[in-house]
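Me: Got a minute to go through this chain with me? I'd like to start with its surface.

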Amino acid sequence: MHNVTANGATIPALGFGTFRMPGPDVLRIVPHALKVGFRHVDTAQIYGNEAEVGEAIVNSGVARGDIFLTTKVWVENYRHDAFLASVDESLKKLKTDYVDLLLLHWPNEAVSFAEQIGALNAVKEAGKVRHIGVSNFNTDLMAESVKLSKAPIVTNQIEYHPYLNQDIVIGAARKAGMAITGYYSMADGKVFTDPVLKDIAARHGKSVAQVVLRWLVQQDGVIALSKTVGEARAAENFAIFDFALSTDEIAAIHGLAKTDGRIVSPDGLAPVWDKAA
């Protein structure tokens with residue numbers, strides 16, 4: 001495992017995601033993921049599984065202080081008082097008195113941006129979160145959040161996979177000292193049949209999933225979230241630190257990006273996305 005350092009935060013470069021993961025699966029797979037070596041767990045209020053994530057961490061036998069735990073505040077909770085109350089509720093469900101990273105989940109123009117960033121800073125100052133960040137923000141929103149925030153913004157969690165060029169957002173994050181955390185790295189399963197990725201995987205004796213995750217974490221300042229409900233796959237997804245992709249292989253994977261490669265762009269939530277150069 002290696003770490004990404006961003007604006008004072010040290011974040012394990014490979015995280016275990018729990019999006020669309022039912023509670024019983026969380027209770028079974030999260031302790032297993034921690035057993036095979038994961039030390040970064042990602043959830044969110046809207047996932048509906050914070051309580052199970054908290055229970056799974058307690059039951060894992062791994063010390064809370066050894067785990068980097070992320071959750072995200074849902075857009076309906078962005079008004080200051082609701083925000084603070086929702087964080088207290090998340091902490092109660094997660095069975096912890098702090099989270100390592102708290103993110104704004106999506107942009108929400110119904111609440112002033114200053115109020116959102118102010119609430120993020122308030123819970124940090126109260127010691128309830130160690131680091132703060134954003135998710136699904138474009139470069140303009142990233143810049144505005146940095147400008148408004150007293151505390152450093154450490155990451156922007158965004159969709160990132162071989163079919164989506166995110167160079168503009170990654171470049172802006174690096175200039176601001178921020179990391180990028182990539183979700184949907186398997187592009188909803190599209191990567192598994194890709195001949196370029198299959199060829200690179202065969203060359204290394206690795207799976208396509210391992211190649212994609214390696215491609216992500218081999219990029220400067222990029223954190224990858226992996227997700228599975230299978231024990232064998234969880235162990236496989238973690239085993240990406242014993243090989244490296246060549247410059248040509250990384251370029252070949254970048255070359256798979258398409259102009260219409262974005263998968264996640266919900267109406268009413270998504271900002272105006274930056275266009276790839």
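Me: How much area does the chain expose, and what share do carbon and sulfur atoms supply?
Reply: About 11,600 Å² is exposed, and 52% of that comes from carbon and sulfur atoms. Areas are Shrake-Rupley values with a 1.4 Å probe, and for residues only the protein chains shown count as cover. This is a predicted model, where local features need pLDDT of at least 70, side-chain atom pairs count only at pLDDT 80 or more, and totals for chains, interfaces and linings use all residues. Residues are numbered from 1 along each chain as its sequence is written, and side-chain values use heavy atoms, with hydrogens and water left out.

Me: OK, what percentage of the residues is buried?
Reply: 55% of the 277 residues, with buried meaning under 20% relative accessible area (1.4 Å probe, protein chains only).

Me: Which residues have the most contacts inside the largest nonpolar core?
Reply: Phe83, Leu102, Leu104 and Leu197, in a core of 90 residues. A core here is a set of buried Ala, Val, Leu, Ile, Met, Phe, Trp, Tyr and Cys joined through side-chain atoms within 4.5 Å. Helix H8 (residues 208-217) gives the most to this core, eight residues; helices are DSSP runs of H or I, at least four residues, numbered from the N terminus.

Me: And what does Leu104 touch?
Reply: Leaving aside neighbours within four places in sequence, its contacts (heavy atoms within 4.5 Å) include Phe83, Phe113, Ile117 and Phe137.

Me: Switching topic, what are the box dimensions for the C-alpha atoms?
Reply: Roughly 55 × 45 × 35 Å along the principal axes.

Technical notes:
Buried < 20%, exposed > 50% of the residue type's maximum accessible area, 1.4 Å probe, protein only. Helix = DSSP H or I, 4+ residues; strand = E, 2+ residues; numbered from the N terminus.
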